Structures are given as structure tokens and as C-alpha cells.
Amino acid sequence: MLVLGVVTVLAACTSTSKSTDDGAKVRTDLEPLERRFPALGPLSGAHWLGTALGTDSRVSVPGPTDVRVVGTAQLGTGTVAAITSAPQRIFQLEKPTQLPAELAEFVPKDARWVRSESFDLDMTGGTYSGAFYLDPGMDRVYFDTINPDISASSGP
């Protein structure tokens, strides 16, 4: 009688998640944001995260990874007023949702955020998803985007 052994192979049980849950580092560099959002003009005082989405503890098929770019930055004086005064855009009071815990200390508690779907579309060009919240009182932006393109007009 011949007995064949059965071998069981288990995949590693460690998470491959790259989400903010595992303590993503808050970034302050401006160049990646200015290349992706040139219509906002020069930025300063940025605090943001770039995190891979859709990864979990299961081994997945290799392929494109969606990246969430979310954060806040200071705009030039008067920039928000210039953006919100455009007659083709309707801005309404709206607070950002799904704020990552790592960014909470950098988002002003007393901000009066406004948002316009037409401005979001202008910013994304319809090529990626994104929401842009502006605070006219502090000339700040809070952005929450998925796969923001690098603008063709911003150079290589």
C-alpha cells in the first residue's frame, strides 16, 4: 500500500495594507502637490498623505494600485476669493469627510469649508476623482483625491 503525504501551504498572514491605519507618514513636501494641482498656484504649509488603496491581507493579483492623495495646504493670499468669485461656479458650505487621523491636527477646527462640484471637475479634468474644499477666511485648501494626474502643463 502506497500512502501519499499531503502538504498544506499557508500564505503569510501579515497584512499588505498600505493604508493610513498603519501609521502613514505625513508629508510636507510641496512639489508633488504643485505638479498635480497647478491651478491652485504656489502652495505652502502643506500636510498630506499618499496611500495605496485596495490592498488587504489577501494575496492579490498584480495590477494597478489606486493612490489616495489627501491633505491640506495654504494658498496664496486672495486665491480662494478669486476661485470662489467665478460666476460659473456655485460654492456651498460643506465639511470634508473621511479625514485621516494623521491629518486631524493640521486641519483648522474653525475652517468654513466651501465646495463646488464644477470646481472639482475643473481641477480633475474628469480624469480622476477628487474633492477640493476651500476656506475663504484662511486661504486654505483641503483635497481628497484618487490617482491625481500630473498636469501636462506643469512639465516633466
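This passage walks through the fold, the cores, one helix, a few backbone details and a pocket of a predicted model.

Start with the overall layout. The protein chain has three helices and six strands, and reading along the sequence gives the pattern α-β-β-α-β-β-α-β-β. Of its 156 residues, 37% count as buried. The contacts also say something about how the chain comes together: taking those between residues at least 6 apart in sequence, 63% join residues at least 24 apart.

Next come the nonpolar cores. The largest one holds 20 residues, and Leu40 and Leu134 are the members that touch the most others. Several elements give two or more residues to this core: on the strand side, E1 (43–52), E2 (67–75), E5 (129–135) and E6 (140–146), and on the helix side, H2 (79–84) and H3 (117–124). Leucine 40 shows what such a spot looks like up close. Setting aside neighbours within four places in sequence, leucine 40 is in contact with Leu75, Thr79, Ile83, Phe119, Met123 and Val141. There is also a second, separate core, made of 10 residues, with Val70, Val107, Trp113 and Ala131 among them.

Helix H3 deserves a look of its own. Its buried residues are Phe119, Asp120, Met123 and Thr124. These four sit on the same side of H3, because they cover an arc of only 125° around the axis. The general geometry helps here: an α-helix has 3.6 residues a turn, so residues three or four places apart point the same way. As for what lies over the buried residues of H3, the cover includes H2, strand E4 (114–115) and E5. Two of those buried residues, Phe119 and Met123, turn up again among the contacts of leucine 40. Right after the helix, glycine 125 follows H3 with a positive phi, near 65°.

Some single residues outside the helices and strands are worth a stop too. Glycine 76 is found in the loop between E2 and H2. With a relative accessible area of 28%, glycine 76 is partly exposed, because buried would mean under 20% and exposed over 50%. Not counting residues up to four places away in sequence, glycine 76 touches Pro42 and Asp139. The second of these partners is 63 residues away along the chain, yet the C-alpha atoms of glycine 76 and aspartate 139 are separated by 6.8 Å.

Positive phi values also show up at residues that are not glycine. Glutamine 98 has one of about 55°, and its place is in the loop between strand E3 (92–93) and E4. At 63% relative accessibility, glutamine 98 counts as exposed. Asparagine 147 likewise has a positive phi of about 55° without being a glycine. This asparagine 147 lies in the segment after E6 and is partly exposed, at a relative accessible area of 29%.

Finally, there is the second largest pocket, with a volume of about 180 Å³. Its lining is made up of Lys95, Pro96, Leu99, Ala104, Val107, Pro108, Lys109, Ala111, Trp113 and Tyr142. By type, these lining residues divide into eight nonpolar, no polar and two charged. Lys95 and Lys109 are the charged ones. Val107 and Trp113, part of this lining, also belong to the second core.

Key: Residues are numbered from 1 along each chain as its sequence is written. This is a predicted model: local features need pLDDT of at least 70, side-chain atom pairs count only at pLDDT 80 or more; totals for chains, interfaces and linings use all residues. Side-chain values use heavy atoms; hydrogens and water are left out. On a 1 Å grid over the protein atoms alone, a cavity is a set of points where a 1.4 Å probe fits but cannot get out, and a pocket is an open set with protein on both sides within 12 Å along at least five of seven lines; lining residues have an atom within 4 Å of a point. Grid points are joined across faces, edges and corners, and a volume is the space filled by probe spheres set on the points. A nonpolar core is a set of buried Ala, Val, Leu, Ile, Met, Phe, Trp, Tyr and Cys residues joined through side-chain atoms within 4.5 Å. Buried means under 20% relative accessible area, exposed over 50%, partly exposed in between (1.4 Å probe, protein chains only). Contact means heavy atoms within 4.5 Å. The arc is that of the directions from the helix axis to the C-beta atoms.
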